[in-house]
Every structure is written in structure tokens, then in C-alpha cells.
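Please open the model in your viewer and keep the sequence panel beside it. The tour below moves from the whole chain to its core, then to one helix and its flanking loop, and finally to the pockets.

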Amino acid sequence: QSVLPMTIDPSRIQSRIAWLLAVEKKHLPEARELISSVIQTYPDEAAYREVQARVLLAENNSAGAFDVLKAVPLKQLSLAGHTYRVAALAGLGRRDEARAALEQFPGFAESSDMFPDDVDLFRSLTSQLAPQMTKSTSR
């Protein structure tokens, strides 16, 4: 069998590195620079905007993260993007809005294909915002 050559868009790699740095809360200026470069090339790509929001959340910039995500139509956000939106709302002290947004996705962490760090963020938000939901979202 022959192996087909794969080409991977460098923007995807840069985006993934920015996400990893944000999750680890390390080298955040580099993460910001990487995702900014990707956004310049793909300004309308929701997935890259989500990573930008994740970097901003890692920098404790909830307002910036919310601004980035509110520019993306809700139906284009992934489950991780919705989680970042809830985190941004909570970070802004808009707990009722965050709780309402969270309740739109009961139990979605189990059925999603989010990375474990995003599932952990979702579960953390669930326990902070809606303790009564904890049983349905963590197993």
C-alpha cells in the first residue's frame, strides 16, 4: 500500500499551537500572535475565532473573548465555542446570561467531540453556574 501525501494548511497548525498555549496558559503573547496571523488570512472562519476567544480567556480578557464570539453567528459556533461564550459571560459577571446559555446544552459534554480540556472547562462552568446540572453533565 502506498501512503498518500497529506498537505496540512499551516494555519491549522498555528491555530492548534495557539489553542494549546492558551490551555496551558503559557507563552500567551506568542499564542495571540499566532492566532492573529491566522485570522488575517481567514477572517471569517468561526473555528479560528473560537481559538482567538480561548486565547483571550487565558489572558483573563473576558470582554475581548465575548466581543470576538458575538461577531460569529451562534449556529456557526462549535460546542467548544459555546463553552467559551459561557466562560466569557461568566467572566463579565453576567451569570444569568451564562447560566441560560449553558442550559441550552444539557449534557452535551458527554456527546461532544470536544478536547478534554474544553470538556473540563464546560464541567467547571456547570458546577459554578448551575450546581443542579452537575449530575447530568459529569459521570
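Begin with the whole chain in cartoon view, where you will find nine helices and zero strands; helices (H or I, at least four residues) and strands (E, at least two) are DSSP runs, numbered from the N terminus. This is a predicted model, in which local features need pLDDT of at least 70 and side-chain atom pairs count only at pLDDT 80 or more, while totals for chains, interfaces and linings use all residues. Residues are numbered from 1 along each chain as its sequence is written, and side-chain values use heavy atoms, with hydrogens and water left out.

Next, switch on the surface, which comes to about 8,200 Å² of accessible area, 52% of it belonging to carbon and sulfur atoms; accessible areas come from the Shrake-Rupley method with a 1.4 Å probe, and for residues only the protein chains shown count as cover. Of the 139 residues in the chain, 45% are buried, where buried means under 20% relative accessible area, exposed over 50%, and partly exposed in between (1.4 Å probe, protein chains only). Among contacts (heavy atoms within 4.5 Å) with a separation of 6 or more, 54% are between residues 24 or more positions apart.

Now hide the surface and select Ala18, Ile35, Val55, Tyr84, Val86, Leu125 and Leu129, the residues with the most contacts inside the largest nonpolar core, which has 41 residues. Such a core is a set of buried Ala, Val, Leu, Ile, Met, Phe, Trp, Tyr and Cys residues joined through side-chain atoms within 4.5 Å. Two or more core residues come from each of α1, α2 (28-41), α3, α4, α5, α6 (95-103) and α8, and α3 gives the most, with eight residues. Centre the view on Leu129 and, leaving aside its neighbours within four places in sequence, show its contacts: Val86, Ala90, Arg95, Ala98, Arg99 and Leu102.

Move on to helix α4 (residues 62-70), where Ser62, Gly64, Ala65, Phe66, Val68 and Leu69 are buried; what covers these residues includes α3 and α5. Zoom in on Ser62, which has a relative accessible area of 14% and which, beyond its neighbours within four places in sequence, is in contact with Leu57, Ala87, Ala88, Gly91 and Leu92. Then select Asn61, in the loop between α3 and α4, which counts as partly exposed at 30% relative accessibility. A C-alpha to C-alpha distance from Asn61 to Gly91 should read 8.3 Å, although the two are 30 residues apart in sequence.

Where is empty space left? Rolling a probe the size of a water molecule over the atoms shows this. On a 1 Å grid over the protein atoms alone, a pocket is an open set of points where a 1.4 Å probe fits, with protein on both sides within 12 Å along at least five of seven lines, and lining residues have an atom within 4 Å of a point.

Select Arg16, Ala47, Glu50, Val51 and Phe115, which lie nearest the centre of the largest pocket among its 22 lining residues. Its lining draws two or more residues from each of α1 (10-24), α3 (46-58) and α5 (79-91).

Finish at the second largest pocket, where Lys25, Leu57, Asn60, Ala87 and Leu121 lie nearest the centre among 15 lining residues. Here α1, α3, α5 and α8 (116-129) each supply at least two residues, with the largest share, four residues, coming from α8.
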